[in-house]
Amino acid sequence: MATPAPLVPATTTDEGEITVSAAELRELRDELQRFMMEYRFGLQEVETKIGILRDEFLLTHDYNPIEHVSSRVKSPDSLVEKVQRKGIDGDFDSIRRNITDIAGIRVTCSFTADVYRLFDLLTAQDDVRVLQVKDYIAEPKSNGYKSLHAILEVPVFLSTGRIEVPVEVQFRTIAMDFWASLEHKIYYKYDRDVPAGLVAELTEAADAARALDAKMARLRDQVRELPE
């Protein structure tokens, strides 16, 4: 089997200049397209599973626990940046082993209970393998971030055979997602060097989001107890 082209194939001249031949660029382009294709297909497999669960809930329970689903495959620029930041070798086999969030899905739910219920239903399927779980709802990050992160491995069937593809799935409530979106924008604006006062306010906002989730859950339970 031929050795896959590295993500950044290049040679250095005596003058220190980096040169890449046209043939090497074409080989890299084709190899990168095949590599990213696997993750795009893995993403589609998980999206289909989530869509089936959503439609079944609507049909049989007259209730949709999913408010919104978004997905993405990392751009080549983002992937290269992460490879360099983590100090990973630039070949595709190393990237497969060390980066598991190339394909990602975010599922926004109405209530915290829906987050765990959907996670349980999705991971109970016999062709889904759980590689890693980080429960930042049970144990939030120090800044107040809350979300349930799971790396799931799903099969993709190509003309060359079956491959296993990791997909990161994040489950959040609406309040958690709103807070995380604002936090991301603030940290991007300040290039992660956020003033202490703003960090404190973000932490307070996280507490408010947690209180809102709890209150909305109590209201839902009260409505369920009302007579028909």
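In this predicted model, Leu-212, Met-216 and Leu-219 together make a nonpolar surface patch of about 250 Å². Leu-212, one of these residues, belongs to helix H6, which spans residues 196–225. Its relative accessibility is 44%, and because the partly exposed class lies between 20% and 50%, Leu-212 counts as partly exposed.

Helix H6 also carries Asp-213, and here the picture turns inward: Asp-213 is buried. A buried acid invites a look for a charged partner, yet Asp-213 has no salt bridge. The nearest side chain of opposite charge is that of Lys-146, 5.4 Å away; a salt bridge would call for a distance within 4 Å. Once neighbours within four places in sequence are set aside, the residues in contact with Asp-213 are Thr-112, Thr-173, Ala-175 and Met-176. Of these, Thr-173 falls in strand S7, which covers residues 161–173.

Strand S7 leads on to the strand pairing. Strand S6 (residues 148–158) is largely enclosed by the rest of the structure, because nine of its eleven residues are buried. S6 pairs with two strands, S5 and S7. With S5 (residues 129–135), the pairing is antiparallel and runs over six bridges; within it, Asp-135 stands opposite Leu-148 of S6. With S7, the pairing is again antiparallel, this time over eleven bridges, and Leu-152 has Val-167 of S7 as its bridge partner. S6 and S7 also form a hairpin, with two residues between the strands.

Technical notes. Residues are numbered from 1 along each chain as its sequence is written. This is a predicted model: local features need pLDDT of at least 70, side-chain atom pairs count only at pLDDT 80 or more; totals for chains, interfaces and linings use all residues. Side-chain values use heavy atoms; hydrogens and water are left out. Buried means under 20% relative accessible area, exposed over 50%, partly exposed in between (1.4 Å probe, protein chains only). Helices (H or I, at least four residues) and strands (E, at least two) are DSSP runs, numbered from the N terminus. Two strands pair if DSSP finds at least two bridges between them. Lys and Arg count as positive and Asp and Glu as negative; His and the chain ends are not counted. Contact means heavy atoms within 4.5 Å. Patches are made of residues with over 30% relative accessible area and no salt bridge: like charges are joined within 9 Å, nonpolar side chains (Val, Leu, Ile, Met, Phe, Trp, Tyr) within 5 Å. Accessible areas come from the Shrake-Rupley method with a 1.4 Å probe; for residues, only the protein chains shown count as cover.
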